[in-house]
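User: I have this model open at the bench and would like a close look at one part of it, a helix and what packs around it. Could you walk me through that, and then show me how it sits in the rest of the chain?

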Amino acid sequence: MLAQGIQLTLLVGPIVPLPVPRVVLDALQSVEVRTQAGSASGFQLTFTITARSPLNTIFLLAAGTNTGMGTPPLRVLLIVTMNGSAQPLFDGVMTHVEVQPGGRGQAGTLTVTGEDVTKAMDMQDWSGLPFPAVPVEGRVALLCAKYAPFGLIPMVIPVLFPDVQIPIDKIPAQKGTDLAYIQELARQVGYVFYVEPGPAVGTNIAYFGPEIKVGVPQPALNVDMDARTNVESLSFKFDPTKGVLPVVFIQNQLTRVPIPIPIPNLNPLQPPLGLLPTPISNLKVLKDTAKMSPMRAISTGLAEAAKSQDAVSGSGSLNVLRYGRVLKARGLVGVRGAGVAYDGLYYVSSVTSTLKRGDFKQSFELTRNGLVSITPAVPV
């Protein structure tokens, strides 16, 4: 399937997905994969069907496997082979099947939607499970270990400001599903949690740690550069009112008087990407931090400071064949040809991949915490 030099492979099955029959692949019309920082990834497969199509039976029976408590959800794996190199585009579970019958000589459609592996972590409530004297990172690793059959590999970064509770004072217990509890732990310490496919086909990295905006940038997005242009569209916006200085409160244990402390955006894992930083337009008082321990309050303030500084945003689309590779979210990318104010490195906050026969396009969104490039030259 797809264009010259690009091939799509579809695997479906409980826990261990297998290549789909030829009849399923021939009926596949389009694929859409959405990856966005701060939320779960999702996919949508659209098939052409008739009243006698075997797809009606295949996917409706598969949908029934997701209803039982002891039955594993149907796993869907999408692999893109580009220039001889295979890489997982999406790895998740099916959540919904919708059938639109045809009429007047036209074929119908069957649409399959789903989410990444975090959906499997959000199916059963485990409230009350105790974790005596277990630090946050230990709890996350234990919870992720249950999903090893999905190829889940935990990548847990130790908490910057640890706050381990003594068992004689309080024993922390799980609240809600595994996913809900991990997300709550991430919020408490100013971390993020997400699952992304790879690096090998059939494996998934479960990342729990601070949001990282450093690393080797992806090939540059070139705009208005004649033959070197590799994007179809690209536009930018600058919001000077977005800059916020968080203020947390730390309570004095003797006097019970809350002490306000401003938290600047000083995160070595999220260095400035712009020479002119976002101006601070207002203060944001985080009143709930007075009930937290000092370490948790500081972590919450740092997370809020980093989130509120991305005043520069961009959006656009590209053809993967022209670009030469698959653009990935949650990484850096360079921009060239947009002018002095907007050239430079950006953080890719979201990517939506749309695949059809002979066509592979991506729409994307970029963010940055300042104007003017910090580098004299953007890496090609």
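Analyst: Sure. Start with the surface: the protein chain exposes about 18600 Å² of accessible area, and 59% of that belongs to carbon and sulfur atoms. Keep in mind that this is a predicted model.

Now to the helix. I'd pick α3, which runs over residues 136-145. Which of its residues are buried? They are Val 136, Arg 139, Val 140, Leu 143 and Cys 144. These residues span an arc of only 130 degrees around the axis, so they sit on the same side of α3. The general rule behind such a pattern is that an α-helix has 3.6 residues a turn, so residues three or four places apart point the same way.

What covers that buried side? The cover includes two strands that follow in the sequence numbering, β9 (192-197) and β10 (204-209), along with β8 (152-156) and the helix α4 (178-189).

Stay with β9 and β10 for a moment, since the loop between them holds Pro 199. The peptide bond leading into Pro 199 from Gly 198 is cis, with omega near 5 degrees. That one is worth finding on your screen, because most peptide bonds are trans, and most residues other than glycine have a negative phi.

The phi half of that rule has exceptions here too. Asn 83 has phi near 55 degrees, and its place is the loop between β5 (74-82) and β6 (85-100). Arg 330 has phi near 60 degrees and belongs to the loop between α6 (320-323) and β18 (332-336). Are these two buried or exposed? Asn 83 counts as exposed because its relative accessibility is 63%, over the 50% cut-off. Arg 330, at 12%, falls under the 20% cut-off and therefore counts as buried.

Stepping back to the whole chain, you're looking at 6 helices and 21 strands. Of the 380 residues, 46% count as buried. The radius of gyration is 23 Å, which agrees with the value near 21 Å that a compact globule of 380 residues would have. Along the principal axes, the C-alpha atoms fill a box of roughly 80 × 55 × 40 Å.

As for contacts, take those between residues at least 6 apart in sequence: 69% of them join residues at least 24 apart. On the charge side, there are 30 positive and 25 negative side chains, and the centres of the two sets lie 1 Å apart.

Note on methods: Residues numbered from 1 in each chain as written. Predicted model: local features only at pLDDT ≥ 70, side-chain atom pairs only at ≥ 80, totals over all residues. Heavy atoms only, no water. Helix = DSSP H or I, 4+ residues; strand = E, 2+ residues; numbered from the N terminus. Rg over C-alpha atoms; globule rule 2.2 N^0.38 Å. Buried < 20%, exposed > 50% of the residue type's maximum accessible area, 1.4 Å probe, protein only. Contact = heavy atoms within 4.5 Å. Areas by Shrake-Rupley, 256 points an atom, 1.4 Å probe, with all protein chains shown as cover. Lys, Arg positive; Asp, Glu negative; His and termini not counted. Charge placed at Lys NZ, Arg CZ, Asp CG, Glu CD. Arc of directions from axis to C-beta.
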